[in-house]
Structures are given as structure tokens and as C-alpha cells.
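This briefing goes through one protein model by topic, from confidence to cores and charged pairs. Please keep the sequence and the structure in view while reading.

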Amino acid sequence: MDQRVVCSIVKLVVQVRLLPTPEQAAALAATLSACNTAANFASATAFTTGARREYGLRKHVYRELKARGLGAQTAQHVIKKVADAYTTLKANLRNGNYGPPGSARRTAIEGKPIAFRAQAGQPFDDRCLSWQIDTRTVSIWTTAGRMRDIAFTASAEQLTMLAVYRKGESDLVCRDGMWFLCATCQVPDPPVATPEGFMGVDLGIANIATTSDGKRHSGRGLNAVRHRQRQLRARLQAKATKSAKRLLKRRRRKEARFAADTNHTIAKQIVTEAERTGRGIALEDLGGIRDRVRLRKPQRVTLHSWSFHQLGSFIAYKAARAGVAVIYVDPAYTSQACSACGHVDKKNRPGQATFCCTSCGFAEHADVNAARNIAARGVAGWAVSHAADDAA
């Protein structure tokens, strides 16, 4: 597997909450509904005609979208949204994310056009949406005309990010009756400092993250919250009363918010320690792990709710903002190899938390041992990649 070094522009999404008046909220709701109705029409056309690329689809639907009351730019964004959705679908099918050819799930997905919810998010560019940062208001195109002076709330840091780094489109989103704008900000990377070694990070379930320094971030609290939420959801779904459904709706994102907050906290601690010690961060390349790992049925729920990708992405973007190098390494046998002598054997790991080398007798917590192997591969991968750059 090729070693990959992460060094790109940091793209951050700044989410601000809109505070529209009842009249403004009604116009925004009508606009989202119209845009997504138009998107469903364009999607059905793309499905029947096979014109799933933006330019080809535009020839079939642009005039009809304009006739439905959409502005020129909004119609273009609807067409692009549909084309992008089919591009994503094609990639997922190619990668086998919906099952092998001929499977029931894949056949069902391939046999119908992509559908958009009535309140699905809609992108707007600077021709349709303008920001007034100093007054904390926005002006946005709607099907009822231009809505001006829609108030929004944001922190001082968010206002600075929007004023200095905002670039490109902003998505209008309605969630649980609240309105949000999600703006893309392109923050330039600080120079990546040459690392003095690497901190390895092993991601797991029992311990969400373990560093090669021996620091373990336990997953017990997060797993307990998820278990409790699953039990509560099951009871409420079985009850099926109006009040139970109302409570389900109110709590549906609570678990995800808790997990994201936990991952943010862990990622910040890891990056801060790496920055303080002048090291880079080595992470396992865990792409496709859910398809590779085979577990007993009771363990599958835990694996599929494991937000390792989110934690890895949080570490990567926080490291990029701090100028800390990040490298991804091959995860093969990191849990079975001895970090002291390199001996690889399944018997080296007799238990989930226990590592004892059958060759040299070295003993350590299993996750700490794996993190040290990851750190060593990070050092080797960095040396190889930079030797190739120097030779070029």
C-alpha cells in the first residue's frame, strides 16, 4: 500500500443559524420545496434519458425548471445537485457499497431515480446569496422574491472566518424547524513543520484512541451512551404512541452530537500534544474496514456505529491548521507485531487488551503496542516519501 501524506488546503464548513421572521421562514420553506420538487423532476429525466452529466442534463430540463419559477442560477444549481448525486451513486455502485451486482439492495437502488426530500439542502452562490457580516444579516433569493435582512447568529470566531476565508457556495438547510446556512471557508495551510518523529494513534472500540505515548482515550462512556440510546429507541418504537414518536424525533441526533463532541475533544488533545513535542501524527488507513472485518452479530452494531472516520478527519484537519504533519500507514498486523523485536504472531495477542511477544517476551497494553508500530511505520513512510521528493 502506498504511503500518503496529507497536505492540502483546509476546507472548513461554518454553520450559522438563521433567525427569520415568520414571513421570511415561509418564503425559505417554499423555496426549498420548489427546488427539491424541481430536482426530483430533473432526476427522473436523468434516469429515463440517461443524461446524468450536468451539461447533457441541462439541455433536457433547464427550460422547464425556469418555467417552474426558478431563477437562472437556482436552476443551474438544481441541475448540478442532481448530476453530482448521480456521480456519487455511480461511485458507490462501483465500490460495491450497495452490495454485489444482482443483490436485492443494489437492484432496488439501480431501478429507480434518485429522490430528494422536500426540505433537502440547497446550494446558493454569491449571485443568489449575499452576506452582510457587520450587521449579521443575509439577503437570499426565494421564489417569493429577494428576502433581505434575514438575521443570523454567530460567534466572533465564525464571523472572522466568514469575513476572511468564505469562498464558494453556501447551503441552505432546514433541520428540526430551524434554519441554517453552511458556508465553505478555505483556510490556507500554515507550513507543515518537519516532524521530529511521529506519534502513532491506534483507533479502536474499547479505547477510542490510543497514542504511542501510552495515553488511552476510553470508549466506555461513549459506548454506554450508545447502548442506552439504542435501548431507549427500541422501547419508544415499540410503544408507538404520539408522545413516544415526538420524543424519538427530539432525541434522534443526540447520540451523534455526543459522539462528535467526544471526537473533537480527543482530536484536539492529540494534535496539541503532537504540536507541543514537534512530532507528526501517524494514523492507520482504515478505508473499507467495515467490509473487511467479520464479527459476530452482537458486535456488528458497535462496529457500524464506530465513528473512527470522523475522529480521523477531525485529527487531520486540526493538524493541518496547526502545521502538524499527518501520514496514513498500512494497518496490516499492527496489533499482532511486537513493537520491540518485530515478531508477528496471532498468539502475541491472547486477549483484547493484552500483548505478550512469544519471541522476546515483551509485554504491553495491546493498543499501546499497536500505536507504537503505527508510529514506526509513520517514520519509515515519511522518510520514503521525502527521499522520493528529494530525488525528483
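Two residues are said to be in contact when heavy atoms of theirs lie within 4.5 Å. The structure described here is a predicted model, with a mean pLDDT of 86 for the protein and with 90% of its residues reaching 70 or more. The points below begin with confidence and then turn to a buried charge, the nonpolar cores, the salt bridges and a helix.

**Confidence**
- Strand 5 (residues 137-142) has the highest confidence in the protein, at a mean of 96, whereas strand 1 (residues 4-6) has the lowest, at 45.
- Over residues 1-7 the pLDDT stays under 50, and for this stretch the model has 18 contacts beyond four places in sequence.
- Residues 289-293 likewise stay under 50 in pLDDT, with nine contacts beyond four places in sequence in the model.
- Where pLDDT is low, the predicted coordinates should not be read in detail.

**A buried aspartate**
- Aspartate 202 is found in strand 9, which covers residues 198-203.
- Not counting residues up to four places away in sequence, aspartate 202 touches Ile208, Ala209, Thr210, Glu284, Asp367, Ala370, Ala371 and Ile374.
- Although aspartate 202 is buried, it has no salt bridge, and the nearest side chain of opposite charge, that of arginine 349, is 6.2 Å away; because a salt bridge requires a side-chain nitrogen of Lys or Arg within 4 Å of a carboxyl oxygen of Asp or Glu, arginine 349 at 6.2 Å does not form one with aspartate 202.

**Nonpolar cores**
- The largest nonpolar core has 48 residues, of which Leu18, Trp131, Phe152 and Leu172 touch the most other members.
- Leucine 172, with its neighbours within four places in sequence left aside, is in contact with Leu18, Leu28, Leu32, Gly121, Gln122, Phe124, Ile140, Trp179, Phe180 and Leu181.
- Apart from the largest core lies another, of 22 residues, including Val201, Ile208, Leu283 and Leu286.
- In soluble globular proteins, nonpolar side chains tend to be buried together.

**Salt bridges**
- The structure holds nine salt bridges, and three of them are described here, among them the pair of arginine 58 and glutamate 54, whose side chains meet at 3.2 Å, N to O.
- Arginine 58 and glutamate 54 are four residues apart in helix 2 (residues 54-67), so about one helical turn separates them; arginine 58 is partly exposed at a relative accessible area of 26%, and glutamate 54 is also partly exposed, at 28%.
- Arginine 166 and aspartate 126 join their side chains in a salt bridge of 3.0 Å, N to O; because arginine 166 lies in strand 7 (residues 166-175) and aspartate 126 in the loop between strand 3 (122-124) and strand 4 (129-132), the pair ties together parts that are 40 residues apart in sequence.
- Arginine 166 is partly exposed, with a relative accessible area of 23%, and aspartate 126 is partly exposed with a value of 47%.
- Between glutamate 364 and arginine 372 there is a salt bridge in which the closest N and O atoms are 3.4 Å apart; glutamate 364 counts as partly exposed at 27% relative accessibility, as does arginine 372 with a relative accessible area of 31%.

**Helix 3 and the residue after it**
- Helix 3 (residues 72-94) has 23 residues and reaches 33 Å from its first C-alpha to its last, which is close to the 33 Å expected at 1.5 Å a residue.
- Glycine 96, just after helix 3, takes a positive phi of about 75 degrees.

How values were computed. Residues are numbered from 1 along each chain as its sequence is written. This is a predicted model: local features need pLDDT of at least 70, side-chain atom pairs count only at pLDDT 80 or more; totals for chains, interfaces and linings use all residues. Side-chain values use heavy atoms; hydrogens and water are left out. Helices (H or I, at least four residues) and strands (E, at least two) are DSSP runs, numbered from the N terminus. The expected span of a helix is 1.5 Å times one less than its number of residues. Buried means under 20% relative accessible area, exposed over 50%, partly exposed in between (1.4 Å probe, protein chains only). Lys and Arg count as positive and Asp and Glu as negative; His and the chain ends are not counted. A nonpolar core is a set of buried Ala, Val, Leu, Ile, Met, Phe, Trp, Tyr and Cys residues joined through side-chain atoms within 4.5 Å. pLDDT is the predictor's confidence in each residue, from 0 to 100.
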